[in-house]
Amino acid sequence: MQRRNLGQTGLQVPVVGMGTWRTFDVRGESAKRNARAVVDMALQVGANFFDSSPMYGAAEQVLGETLQGRRDQALIATKVWAPTRSEGKAQVKRALALFGNYIDLYQIHNLVNWLEHLAMLEQLRDAGLVCAIGATHYSSSAFRELRQVMQTRRITAIQIPYNPLQREVEREILPLAADLGLGIVVMRPFAEGSLMRHIPSEADLKPLEPFGVTTWGQALLKWILSDTRCHVAIPATTRANRIAENAMAGEPPWFGPSEREYVARLAKQ
Ligand SMILES: NC(=O)c1ccc[n+]([C@@H]2O[C@H](COP(=O)([O-])OP(=O)(O)OC[C@H]3O[C@@H](n4cnc5c(N)ncnc54)[C@H](OP(=O)(O)O)[C@@H]3O)[C@@H](O)[C@H]2O)c1
């Protein structure tokens with residue numbers, strides 16, 4: 001799996017990592033065993049960048065449990081998502097306890113109360129408990145505010161949605177991030193699964209075979225990662241075999257403009 005520097009965060013990340021929204025918000029022994037199998041596979045194939053949030057119900061807790069005894073093999077990107085400073089502090093305390101007292105990338109979720117949380121996260125970074133600070137938003141309606149946060153130069157990474165059906169970031173966010181040297185984490189690579197409703201035929205995917213692409217999921221991930229301003233995509237899955245499948249998109253050769261255009265056309269069919 002190729003690894004890229006996540007902008008100037010100091011983190012080197014696999015180009016394919018993993019999200020935990022919904023997929024890790026699980027209870028009960030059998031669901032937790034499944035989550036562990038997913039993490040086992042992610043570590044095995046080098047997709048060891050895990051994104052979570054206190055907004056995702058039990059996901060942070062379940063992820064923490066699956067990494068017990070092997071936290072050092074993982075890069076943890078979690079978030080603070082709280083209207084008040086005291087709630088934010090409580091979330092951080094919980095996450096630090098779950099992840100061995102260290103968070104690789106601490107992100108401000110949906111920019112909620114970002115000014116207060118930014119100051120708190122800077123203190124944690126200065127104390128050596130956090131490596132890098134980022135900000136996330138899923139909606140283009142918030143991109144103006146996201147640009148303001150980026151321009152403070154107090155964060156070193158952002159997390160944004162990017163896939164052939166959601167390309168708003170191409171206009172201003174990706175160019176600004178590149179100018180500022182920010183790391184880019186790509187959420188919703190499959191548009192929350194909606195890009196999987198129509199799977200192109202084998203014949204349609206055939207022209208992508210020279211790029212090591214044999215499945216639609218791989219085509220979509222390679223579409224994202226071939227824009228090398230994007231450092232890590234974080235598809236979520238409940239199936240260990242799909243972790244392996246997705247990870248295979250994390251190797252060159254990358255698509256050129258014509259293959260990207262081709263995949264974008266397939267996505268709109
Ligand atoms: N900061 C924010 O505001 C924000 C918002 C949304 C998401 N996120 C982060 O981004 C992550 C990813 O986004 P997402 O979870 O919304 O959606 P996504 O990754 O675009 O899509 C997830 C869906 O794709 C399916 N899938 C995964 N690999 C597949 C494959 N190879 N073939 C076919 N289907 C496949 C999964 O189903 P199966 O389980 O059946 O495989 C799952 O239903 C989240 O988990 C979260 O960590 C952040």
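## A buried glutamate, two cores and some unusual backbone

Glu60 touches Ser52, Ser53, Pro54, Thr78, Lys79, Arg94, Ala95, Leu98 and Phe99, leaving out residues up to four places away in sequence. This is a predicted model. Glu60 sits in helix α2, residues 59-66. Its relative accessible area is 1%, so Glu60 is buried.

**Nonpolar cores.** Nonpolar side chains tend to be buried together in soluble globular proteins. Here the largest nonpolar core has 79 residues. Phe50, Met150, Ile158 and Ile160 touch the most other members. Helix α8, residues 216-225, gives the most to this core: 7 residues. Another core lies apart from it, with 13 residues. Leu11, Val13, Phe49 and Leu105 are among them.

Take Ile158 from the largest core. Setting aside neighbours within four places in sequence, Ile158 is in contact with Ala135, Leu146, Met150, Ile173, Ala177, Leu182, Gly183, Ile184 and Val185.

**Two helices crossing.** Helix α3 covers residues 85-98, and helix α4 covers residues 114-126. Their axes come within 10 Å and cross at roughly 35 degrees. The crossing is right-handed. From α3, the residues that meet α4 are Arg85, Gly88, Lys89, Val92 and Leu96. From α4, they are Glu116, His117, Met120, Leu121 and Leu124. By class, this contact has 5 nonpolar, 2 polar and 3 charged residues.

**Backbone.** Most residues other than glycine have a negative phi, and most peptide bonds are trans. Asn110 has a positive phi, near 55 degrees. Arg153 has a positive phi too, near 60 degrees. Asn110 lies in the loop between β6 (103-108) and α4. Arg153 is in the loop between α5 (143-151) and β8 (157-161). The peptide bond from Pro252 to Pro253 is cis, with omega near 5 degrees. Pro253 belongs to the loop between α9 (240-247) and α10 (257-267).

**Cysteines.** A disulfide is a covalent bond between the sulfur atoms of two cysteines. A search of the whole structure finds 0 disulfides. Cys131 and Cys230 appear in the table with their accessibility.

**Accessibility.** Buried or exposed? The table sets out Asn110 and Arg153 beside the two cysteines.

| Residue | Relative accessibility | Class |
|---|---|---|
| Cys131 | 23% | partly exposed |
| Cys230 | 0% | buried |
| Asn110 | 16% | buried |
| Arg153 | 65% | exposed |

Asn110 counts as buried because its 16% is under the 20% cut-off. Arg153 counts as exposed because its 65% is over 50%. Cys131, at 23%, falls in between.

Note on methods
Residues numbered from 1 in each chain as written. Predicted model: local features only at pLDDT ≥ 70, side-chain atom pairs only at ≥ 80, totals over all residues. Heavy atoms only, no water. Core = buried A, V, L, I, M, F, W, Y, C linked by side-chain atoms within 4.5 Å. Buried < 20%, exposed > 50% of the residue type's maximum accessible area, 1.4 Å probe, protein only. Helix = DSSP H or I, 4+ residues; strand = E, 2+ residues; numbered from the N terminus. Contact = heavy atoms within 4.5 Å. Disulfide = S-S within 2.5 Å. Axes fitted to C-alpha atoms, helices over the stretch in contact; angles between N-to-C directions. Left-handed = near helix turned anticlockwise from the far one by under 90°. Nonpolar A, V, L, I, M, F, W, Y, C, P; charged D, E, K, R; others polar.
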